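Here are some notes to read alongside the model, set out as numbered points. I hope they help you find your way around.

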Amino acid sequence: MTIRIFEAPGEAAEPVEQAKVSIVARVLFCFWAAVVAMLPAVGAAYAAWLVVNVFRGITDAETAGLAHVVGGLHVSNIPLIIALTVAGFLAFGMALVLAINSKRRMAAVGLPFSIAIPIMAATPGLFLWTAESRVVDLLSDKLDNNVSVPVFAQTITSLLILTLALGLLIQGLTVVFALVSLLIPVRSRSEPDSAPRAFVWLVSGVLLLTFAGLFFVLA
């Protein structure tokens with residue numbers, strides 16, 4: 001009979017328990033996480049494209065007024081607001097599942113990917129928010145009257161193009177991160193049953209829903 005003095009209780013059985021994590025469960029959780037990142041990113045890209053069309057439709061002083069532009073921004077932001085809201089509730093759902101079920105925590109994506117999700121989800125929208133808020137500030141006379149119109153227009157154009165590019169780029173990055181997460185065995189993680197991941201997803205949900213509210217208020 002061998003006594004393992006330096007082994008914590010349950011340590012020997014942990015790899016066996018981890019090995020029982022279904023690959024199907026891991027794929028489903030990975031897909032769940034990827035959707036949270038991809039929805040707001042593609043929503044921001046689509047909204048940026050709609051905003052570009054709004055600016056293209058401005059042909060005279062009447063269509064360049066605050067009411068007309070703000071109305072156009074509001075319509076353009078609707079797909080992004082919906083995407084952020086859905087992603088936020090999906091993040092809350094993930095947080096709830098990880099908080100109450102330790103086996104699901106082992107099947108879910110690791111901590112690095114969990115932290116990257118809200119960053120990838122919010123970054124394109126952040127550039128879009130900057131572009132739209134600057135336009136609204138200009139039309140509301142909140143900016144310096146000495147601002148150069150060509151330079152201002154170029155800045156807004158660059159922000160919108162960057163939003164479009166990032167929205168598409170993040171789709172590919174999310175797929176790559178998801179595949180890498182699936183290739184890493186559960187037992188190789190330093191935190192296979194880490195409860196703090198639930199908190200990360202909770203914060204992600206709050207961030208995404210707050211962002212959706214900001215876009216709703218903006219225009």
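**Notes on the predicted model**

1. Let's begin with Thr 174, which sits in helix 6 (residues 149–183). Please keep in mind throughout that this is a predicted model. Is Thr 174 buried or exposed? With a relative accessibility of 0%, Thr 174 is buried, the cut-off being under 20%. Setting aside neighbours within four places in sequence, Thr 174 touches Ala 34, Ala 37, Met 38, Phe 113 and Met 120.

2. Phe 113 is worth a visit next. Beyond its neighbours within four places in sequence, Phe 113 is in contact with Thr 174, and also with Cys 30, Ala 33, Met 120, Phe 177, Ala 178 and Ser 181. Phe 113 is also one of the residues with the most contacts inside the largest nonpolar core, together with Ile 117, Leu 128 and Trp 201.

3. That core has 50 residues. At least two residues come from each of helix 2 (23–56), helix 3 (66–100), helix 4 (102–107), helix 5, helix 6 and helix 7. Which helix gives the most to this core? Helix 2 does, with 11 residues. As general background, nonpolar side chains in soluble globular proteins tend to be buried together.

4. Now for the aromatic rings. The model has 6 aromatic pairs. In one of them, Trp 129 and Phe 215 meet edge-to-face, with 5.8 Å between the centres and 85° between the planes. Trp 129 belongs to helix 5 (residues 111–139) and Phe 215 to helix 7 (residues 196–218), so this pair ties together parts that lie 86 residues apart in sequence. The two partners can be told apart by their accessibility: Trp 129 is partly exposed at 24%, whereas Phe 215 is buried at 0%. Phe 211 joins Trp 129 and Phe 215 in one aromatic cluster.

5. Helix 7 deserves a look of its own. Its 23 residues span 33 Å from the first C-alpha to the last, close to the expected 33 Å. The buried residues of helix 7 include Trp 201, Ser 204, Leu 208, Phe 211 and Phe 215. In an α-helix, residues three or four places apart point the same way, because there are 3.6 residues a turn.

6. Another place to check is His 74, found in helix 3. His 74 is partly exposed, at 28% relative accessible area. Its C-alpha lies 7.3 Å from that of Phe 216, although these residues are 142 positions apart along the chain.

7. Stepping back to the whole protein, there are 7 helices and 0 strands. Buried residues account for 40% of the 219 residues. Of the contacts with a separation of 6 or more, 88% join residues 24 or more positions apart. The accessible surface is about 11700 Å², with 72% of it belonging to carbon and sulfur atoms.

8. Finally, a word on confidence. The mean pLDDT is 81, and 80% of the residues reach 70 or more. Which elements have the lowest and the highest mean pLDDT? Helix 1 (residues 14–19) is lowest at 43, and helix 2 is highest at 92. Over residues 1–19 the pLDDT is below 50, and this stretch has 11 contacts in the model beyond near neighbours in sequence. Where pLDDT is low, predicted coordinates should not be read in detail.

Key:
Residues are numbered from 1 along each chain as its sequence is written. Side-chain values use heavy atoms; hydrogens and water are left out. Rings of Phe, Tyr and Trp (its six-membered ring) pair if their centres lie within 6.5 Å; planes under 30 degrees apart count as stacked, over 60 as edge-to-face and the rest as tilted. Helices (H or I, at least four residues) and strands (E, at least two) are DSSP runs, numbered from the N terminus. Buried means under 20% relative accessible area, exposed over 50%, partly exposed in between (1.4 Å probe, protein chains only). The expected span of a helix is 1.5 Å times one less than its number of residues. Contact means heavy atoms within 4.5 Å. A nonpolar core is a set of buried Ala, Val, Leu, Ile, Met, Phe, Trp, Tyr and Cys residues joined through side-chain atoms within 4.5 Å. pLDDT is the predictor's confidence in each residue, from 0 to 100. Accessible areas come from the Shrake-Rupley method with a 1.4 Å probe; for residues, only the protein chains shown count as cover.
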